[in-house]
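Me: Could you give me a close look at one strand pairing in this model, and then walk me on from it through the sheets and helix contacts?

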Amino acid sequence: MKAIEVVTLTKVEGANLNSNGTEGVIAVLKKVRDPIDGREYVRVSGQSVKYHLRQLLKELGWDLSQVVPKSEGGQKVIVSLGEPHKYIDDDLFGYMLAGKKVGNVKDPKRTAVVRTNGMISIFPYQEDRDFGVRYDPSGDNHNIYETEITTNVMRGNFFIEVDRLGVFKEGLEVPKLEGLEAKKEKDATGKEVTLYILPKEEREKRLKALLEAIMQYHGGAKLSNFFTKVYPEVMVVALLRYKIPVIGDALRVKPGYVDGKLVLDVDLLKETVEAFDDNIEKLYIGLFENRFANVDELKKAFEGMEKVEVLSMKELRERIQNLKLGE
C-alpha cells in the first residue's frame, strides 16, 4: 500500500460552513460555477478543512506544532515550527518556512502528505438566505444583514501518501536527526539523500488518528447560529498500490429521497472501482445504513468482489483501528 484515498459524503442543513466574505450586507458562501450547466456549487476550502482537522487532532489528544507570526518581506506571515518528527500536523499537512533556518537547513519545506479539495456540494446552490436584524435599542438605526446558507450533500476528497507519512528528508525538510532510523536513497536527480523514519507503530498511530478525525469531522463557520452535523454519512477508504487516486467524484447520491432516505449512485461507483481494479488492494465502503434507501443494491453490486467490503460505520471504524502499514 503506497497511498490511501478517502471520499466522504455528508448532508448539512441550513449551513454556511465557509464564507467568501461579504457583499454589501450579505455574508456569501464560497462557491464555484460549473461551466457545463452554468450553476453554482457550494465549496468549503481545503484550508478550512485542514484547519478543522488540526483542531480535531488536538481534541483527540495530539500535541500540535505551535503556530507563530513571523515577519517576511515587511509582512507578517503565520508559520508552524516545522518539526514533523515531533508534531503530527507538521508531518501530515507540511510547511514552508521561507527565510528560516532550522539546524543547518535554510528555508525548510515539506509537501503535505495529505491532499484535499475541502468539500464541494453535489447539488447546486438554491439561493437560500437567512434574514437578520441587529436592533438599535436607542433608536431606529437597526442593522439589516443576510447570510447565504445551504442544505446540501457535500463531498470531501482526501489523498494520503502513506509511504511519506513519518518519513523526512534531511537537508530539505529537517536537519540531521538523532535517534531515528536513517535510510539512504537516490532522489530524482541521482543525488544520494538521507531519510529519517519514525517507528512503524508511531506512523500507524498517526495514520489512524487522521482517518478517525475525517470520520468524526466537525467544524465550519457560523456554527453558533447555523449549527449542523458535518461528519460523513458514507465514507469510502481505498488502499492503493500506486499513488494515483481512483474514486474522485464517483461517490454521489441521486436527486430526491426514497422514504426520506438518500439514494447512492451505485452504478457510477461500481463502474469506477471495476475500471481501476488493478490499483486497488482493498476498498472499504462504510455507511450509516438507515440513512440510505438502497443499501441492499450496494451490497449486491459488490457481491463476489473479495477486495471490496460494504460495512456499517461502526465496522469501518474497527477496520481503521486494525489497519497496518504494508497492508
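**From one bridge outward**

Reply: Happily! Let's begin with a single bridge: Lys-169 is partnered by Leu-195, which lies in E18. The model is a predicted one, in which local features need pLDDT of at least 70, side-chain atom pairs count only at pLDDT 80 or more, and totals for chains, interfaces and linings use all residues. Residues are numbered from 1 along each chain as its sequence is written, and side-chain values use heavy atoms, with hydrogens and water left out.

That bridge belongs to the pairing of E16 with strand E18 (residues 192–197), which is antiparallel and has three bridges. Strands here are DSSP runs of E with at least two residues, helices are runs of H or I with at least four, and both are numbered from the N terminus; two strands pair if DSSP finds at least two bridges between them. The pairing sits in an open sheet of three strands, ordered E16-E18-E17 and antiparallel. Its edges are strand E16 (167–169) and strand E17 (181–186), each with a single partner strand, so one side of each has no neighbour in the sheet. From one strand to the next, the twist averages 30 degrees.

There is also an open sheet of eight strands, in the order E4-E5-E12-E15-E1-E19-E20-E21, and its pairing is mixed. Strand E4 (31–34) and strand E21 (308–312) are at the edges with one partner strand each, so each has one side left without a neighbour in the sheet. Neighbouring strands in this sheet are turned by 25 degrees against each other on average, direction ignored.

Within that order, strand E19 (residues 234–240) pairs with strand E20 (residues 280–287) in the antiparallel sense over seven bridges. Leu-240, for instance, has Ile-280 of E20 as its bridge partner. At the E21 end of the order you can pick out Glu-309, which lies in that strand. Glu-309 and Ile-285 are 24 residues apart in sequence, yet their C-alpha atoms are 6.1 Å apart. Leaving out residues up to four places away in sequence, Glu-309 touches Lys-282, Leu-283, Tyr-284, Ile-285 and Arg-319, where contact means heavy atoms within 4.5 Å.

Another antiparallel pairing joins strand E2 (residues 19–23) to strand E3 (residues 26–29) over three bridges. There, Thr-22 is bridged to Ala-27 of E3. E2 and E3 make a hairpin with two residues between them, and Gly-24 in the turn has a positive phi of about 65 degrees.

Now for the helices. Helix H3 (residues 200–215) packs against helix H6 (residues 313–321) at an angle of about 165 degrees, their axes lying 9 Å apart (axes are fitted to C-alpha atoms, over the stretch in contact for helices, and angles between N-to-C directions run from 0 to 180 degrees). That makes H3 and H6 roughly antiparallel. From H3, the contact is made by Lys-208, Leu-211, Glu-212 and Met-215, and from H6 by Met-313, Leu-316, Arg-317, Ile-320 and Gln-321. By class, this contact has five nonpolar, one polar and three charged residues (Ala, Val, Leu, Ile, Met, Phe, Trp, Tyr, Cys and Pro count as nonpolar, Asp, Glu, Lys and Arg as charged, and the others, Gly among them, as polar).

H3 also meets helix H1 (residues 46–59): the axes of H1 and H3 come within 9 Å and cross at roughly 110 degrees. H1 and H3 are therefore roughly perpendicular (under 35 degrees counts as roughly parallel, over 145 as roughly antiparallel, 65 to 115 as roughly perpendicular, the rest as oblique). Leu-53, Leu-56 and Leu-57 of H1 touch Ala-209, Leu-210, Ala-213 and Ile-214 of H3. The contact of H1 with H3 counts seven nonpolar, no polar and no charged residues.

One last feature is worth a look: a search of the whole structure finds one aromatic pair. Tyr-231 and Phe-288 form this tilted pair, at 5.9 Å centre to centre and 55 degrees between the planes (ring centres of Phe, Tyr or Trp, the latter by its six-membered ring, must lie within 6.5 Å; planes under 30 degrees apart are stacked, over 60 edge-to-face, the rest tilted). Tyr-231 lies in the loop between H3 and E19, and Phe-288 in the loop between E20 and helix H5 (295–301), so the pair ties together parts that are 57 residues apart in sequence.
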